[in-house]
Amino acid sequence: MKITTKLLQDKNACEEFIEYFMGKFGKHENFAFYNDVLEQLAKDNHVSWAIWLIEEIGSDNLIMLEESDWEVAGNIFCAGTIKVSGNLTAGSWIVSGGDIKVCNGILAGEGIWAGEGIQAGGSIKSGYIKSGRDIKAGLCIESSEAISAGRCVETGININVNGDLQAGEDIKAGENIQAYFIKAGRDVRADGGIMSSGIKAGRSIMANNSIEDEGEIQAGQDIKAGEDIKSMEGIKAGGAIRAGLSIEVGGSIEAGESIEAGQDVKADGKIDAGENIKAGGNIKADNGIKADRAITSGLNIDVSQDLKAGDNITT
């Protein structure tokens with residue numbers, strides 16, 4: 001595909017970019033091939049212009065293929081798909097209009113951006129990581145800034161993000177998930193534990209170990225942990241909340257179905273369940289306990305305000 005000055009003007013490119021394009025390519029026929037423009041932008045470190053151009057034009061059929069390791073000190077920009085049989089390494093950015101598919105690991109000093117998917121047999125490590133579709137790694141995904149995927153984020157081991165972790169569909173890790181704020185359109189699942197400062201899922205949040213959150217935990221359906229569920233602000237679930245050990249919350253606990261814990265259920269606010277509340281240990285709340293069905297405690301029930309149940313209250 002050819003990029004022309006008129007095309008950039010029709011797409012409402014900024015004047016600075018148009019002047020840059022004319023300076024680089026306008027001295028002859030006033031056009032350049034799509035990927036040639038991106039390669040020049042890579043050399044001159046114009047990351048935002050490259051991403052803008054891909055967002056406006058889209059991906060093309062070009063495939064950049066490397067049969068071994070591919071390493072550059074600066075940027076790698078491609079209008080189509082990048083395929084590497086070994087490792088892919090860039091000192092700054094990796095930007096692709098299509099997929100980025102790598103047999104081993106992907107490492108970029110500043111960021112990775114793909115119009116379609118990002119897939120690595122090994123680990124993916126960078127600053128900012130964004131994909132229009134899936135981000136998948138056989139090992140770990142590590143980001144010093146943020147991760148955003150149009151569909152799913154999946155790893156064989158850990159997901160570690162210093163900023164936000166967002167996916168339009170699912171977030172899944174073979175072991176642990178750690179991020180500042182976690183948001184998924186569907187499920188958040190970890191075979192290990194989850195640590196964050198806020199979690200929101202359109203469907204379920206599940207961990208085989210503990211879920212520990214410094215903010216609020218929200219799920220459209222169930223929240224389940226094999227060990228503890230801890231939140232400093234509150235827990236809300238459209239379905240059930242279940243923990244193998246304790247549930248401890250700085251705010252309130254609200255569930256559309258049952259709230260169950262192998263040990264204690266404690267809240268600084270209220271505890272409200274659409275079905276049962278059941279704890280192997282104590283049940284404690286500062287602002288009332290309410291269950292539409294039964295309330296069952298293996299030890300004591302301690303409540304500062306109202307205690308209400310549609311069926312039996314048992315200690």
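**Rings and charges: reasons for the labels**

Reader: Why is D292 called partly exposed?

Author: This is a predicted model. D292 has a relative accessibility of 41%. Buried means under 20% and exposed means over 50%. The value for D292 falls in between, so D292 counts as partly exposed.

Reader: What makes K290 and D292 a salt bridge?

Author: Their side chains meet at 2.8 Å, N to O. The cut-off is within 4 Å, so the pair qualifies. K290 counts as partly exposed because its relative accessibility is 36%.

Reader: Which residues are joined into one network by salt bridges that share partners?

Author: D134, K136 and R151.

Reader: How do you know that K224 and D222 form a salt bridge?

Author: The closest N and O atoms of K224 and D222 are 3.8 Å apart. That is within 4 Å, so the label applies. D222 is buried, at 16%. K224, at 29%, is partly exposed.

Reader: What about D286 and K284?

Author: Their closest N and O atoms lie 3.3 Å apart, again within 4 Å, so D286 and K284 form a salt bridge. D286 is partly exposed at 27%, and K284 counts as partly exposed at 31%. By this rule the count comes to 13 salt bridges.

Reader: How many aromatic pairs does the structure hold?

Author: It holds 7. One of them is F17 with Y20.

Reader: Why is the pair of F17 and Y20 called tilted?

Author: The ring centres are 6.4 Å apart, within the 6.5 Å limit, so F17 and Y20 pair. The planes make 35°. Stacked needs under 30 degrees and edge-to-face over 60, so this pair is tilted. Both residues lie in helix 2, 3 residues apart, about one turn of the helix.

Reader: What makes Y20 and W49 a tilted pair?

Author: The distance is 5.4 Å centre to centre, with 55° between the planes. That angle is neither under 30 degrees nor over 60, so the pair counts as tilted. The pair links distant parts of the chain: Y20 is in helix 2, W49 in helix 4, and they are 29 residues apart.

Reader: How do you know that W49 is buried?

Author: Its relative accessibility is 13%, which is under 20%, so W49 counts as buried. Y20 is also at 13% and buried. Ring pairs link F17, Y20, W49 and W52 into a cluster.

Reader: Why is K2 said to sit over the ring of F31?

Author: The charged end of K2 is 4.4 Å from the ring centre of F31. The distance limit is within 6 Å, so K2 meets that part of the rule.

Terms used. Residues numbered from 1 in each chain as written. Predicted model: local features only at pLDDT ≥ 70, side-chain atom pairs only at ≥ 80, totals over all residues. Heavy atoms only, no water. Phe/Tyr/Trp six-rings, centres within 6.5 Å; stacked < 30°, edge-to-face > 60°. Helix = DSSP H or I, 4+ residues; strand = E, 2+ residues; numbered from the N terminus. Buried < 20%, exposed > 50% of the residue type's maximum accessible area, 1.4 Å probe, protein only. Lys NZ or Arg CZ within 6 Å of the ring centre and 35° of its normal.
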